[in-house]
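Here are some exercises to help you find your way around a new structure. Try each task yourself before you read the solution.

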Amino acid sequence: MAGMVQDEGSSSLTSSPLQFFSWMSLSPGFGSPYPWFRELKSEERGLCLIQLLVACANHVAAGNVDNANIGLEHISHLSSPDGDTMQRIAAYFTEALADRMLKAWPGLHKALNSTKISSVTDEIVAQKLFFDLCPFLKLSYVITNQAIIEAMEGEKMVHIIDLNSFEPAQWINLLQTLSARPEGPPHLRITGIHEQKEVLEQMALRLTEEAEKLDIPFQFNPIVSKLENLDVESLRVKTGEALAVSSVLQLHLLLATDDEKRNSPTASKTQNSSHLQRVLQNQRTLGEWLEKDSVHLYNASPDSASPSTPPSLAASPKMGSFLNALWGLSPKLMVVTEQESNHNGSTLMERVLEALNFYAALFDCLESTFPRASLERQKLEKMLFGEEIKNIIACEGAERKERHEKLEKWILRLELAGFGRVPLSYHGILQAASLLQNYGYDGYRIKEENGCLIICWHNRPLFSVSAWRFRRYD
């Protein structure tokens, strides 16, 4: 097999290795490809791993256990949680595919996971790492705060509802900005929602200390609750308060509905797999695939068959009632940050292809900034990205929480709930760009799209930020 690899001067990926993978059948008795795999360049290894993952995912989707098992064995020898970008991704995708297969034997799956401790503390640690190591939350907070400052100009009583209150840095920054307001700071009340009481106690302590230091009248109202169980009446919005709502990577969690009738793969897996094969055979580098092929993969999705066709909205009574309840509070502003990817497809293959594209870009961000041996990087990839990948691929029905959807669907949902769009200002874009420059974040871009902001890694959109206001029905 080593003879099939081209000389160093030639990097065409239409050469023998990929041709070999395109017709390779993962069947019992097939020889291991790993001896020559190590001789490929990084981009070639990455594309080979993608093809293996897609082939294996097709077997999992079809319920072909024997071939899926052989595929997982091959990929496990080639992947590594501390290797290059695609080796790391492959490690977490194989884990997710294996977990999905094991669920066909509930007794076995439960036995293997019976001693696993699911900790809210681990989730908080993962979110803190995401805040520290990546710019996405920082950018969301800066853009959100600027929108709040502009919307609340001249207001004397401001109430902010934070739907996931765990990071005090966002509101410390807002307090500092409000203290410099020409007309003086308003009376500020923040209602923080989180499922862990200790997190809210720490938030209250940090923010109260900062408010006292800045001499700003301040009150923190903690609500211990999961978002799905939140009683809107407990938010206690008072007459005369100007209300703002901040939702950072939260609304998609309400999309989890019992869709067991829709969880079997459809024929679209064949179309998506053959499409990806064609793309990979004509793409020269992994970098080009990451930068350019998001459009192709998205167009392979049934939800985007025609640009003129509005995207379909999955039935979600919980989401509708929650947005209607927020609308009933008459917020002057609501800022929503969400993942800019469609991980809520009804078939496994739709989600595999979208998730491969999305998480390849996220892992690539870390690859460009942190050494491969970085313990913090490995923790973030395993505790946050790895768990999200597993939830997207291995879970169905109400258990599947990570139902990320694109901005166009959020626009439809929020407009249907009675909200009107508020264009994010140019000043917010400048502040976000300044943050990237000051922290030395290279490769990230902020682009404006219909009054909303899209945070990109190179040309690949990863997160969207949109602003909304209460709009009275005619």
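**Exercise 1: Two unusual backbone angles**

D215 is exposed, with a relative accessible area of 66%. Keep in mind that this is a predicted model. Your task: find where D215 lies and what stands out about its phi angle.

Solution. Start with the location: D215 sits in the loop between α10 (197-214) and β3 (218-224). Next, check the backbone: D215 has a positive phi of about 60°, although it is not a glycine. Then look at S330, which has a positive phi of about 55° and is not a glycine either. S330 belongs to the loop between α14 (317-328) and β5 (333-339). Its relative accessible area is 39%, so S330 counts as partly exposed.

**Exercise 2: A serine in a strand**

Is S246 buried or exposed, and which residues does it touch?

Solution. Step one is to place S246 in strand β4 (residues 242-248). Step two is the accessibility: buried means under 20% relative accessible area, and S246 has 0%, so it counts as buried. Step three is to list the neighbours, leaving out residues up to four places away in sequence: S246 touches T144, I161, D162, L163, Q170, W171 and V335.

**Exercise 3: Salt bridges across the chain**

How many salt bridges are there, and which parts does the pair E167 and K128 tie together?

Solution. First, the count: it comes to 17 salt bridges. Now zoom in on one of them, where the side chains of E167 and K128 meet at 3.2 Å, N to O. E167 lies in the loop between β1 (157-162) and α9 (168-179), while K128 is in helix α7, so the pair ties together parts that are 39 residues apart in sequence. The two partners have their own accessibilities: E167 is buried at 8%, and K128 is partly exposed at 31%.

Try another pair: E155 and K332 form a salt bridge at 2.6 Å, N to O. This pair links distant parts of the chain, with E155 in the loop between α8 (136-151) and β1, K332 in the loop between α14 and β5, and their positions 177 residues apart. E155 is partly exposed at 22%, and K332 is partly exposed at 36%.

A further bridge joins R421 and E415, with the closest N and O atoms 3.4 Å apart. Finally, some salt bridges share partners, and these join R88, E367, R372, R377 and E381 into one network.

**Exercise 4: A charged patch**

Which residues form a negative surface patch, and where is E123 found?

Solution. Begin with the members: the patch is made of D122, E123, E195 and E387. Then pick out E123, which is found in helix α7 (residues 120-133). Its accessibility fits a place in a patch, where residues need over 30% relative accessible area: E123 is partly exposed at 44%.

**Exercise 5: Stepping back**

What does the secondary structure of the protein come to, and what share of its residues is buried?

Solution. Count the elements: there are 18 helices and nine strands. Then turn to burial: buried residues make up 55% of the 474 residues. For contacts between residues at least 6 apart in sequence, 79% join residues at least 24 apart. Last comes the outside: the accessible surface is about 20300 Å², and 51% of this belongs to carbon and sulfur atoms.

Definitions and conventions. Residues are numbered from 1 along each chain as its sequence is written. This is a predicted model: local features need pLDDT of at least 70, side-chain atom pairs count only at pLDDT 80 or more; totals for chains, interfaces and linings use all residues. Side-chain values use heavy atoms; hydrogens and water are left out. Patches are made of residues with over 30% relative accessible area and no salt bridge: like charges are joined within 9 Å, nonpolar side chains (Val, Leu, Ile, Met, Phe, Trp, Tyr) within 5 Å. Accessible areas come from the Shrake-Rupley method with a 1.4 Å probe; for residues, only the protein chains shown count as cover. A salt bridge is a side-chain nitrogen of Lys or Arg within 4 Å of a carboxyl oxygen of Asp or Glu. Lys and Arg count as positive and Asp and Glu as negative; His and the chain ends are not counted. The place of a charge is taken as NZ of Lys, CZ of Arg, CG of Asp or CD of Glu. Helices (H or I, at least four residues) and strands (E, at least two) are DSSP runs, numbered from the N terminus. Buried means under 20% relative accessible area, exposed over 50%, partly exposed in between (1.4 Å probe, protein chains only). Contact means heavy atoms within 4.5 Å.
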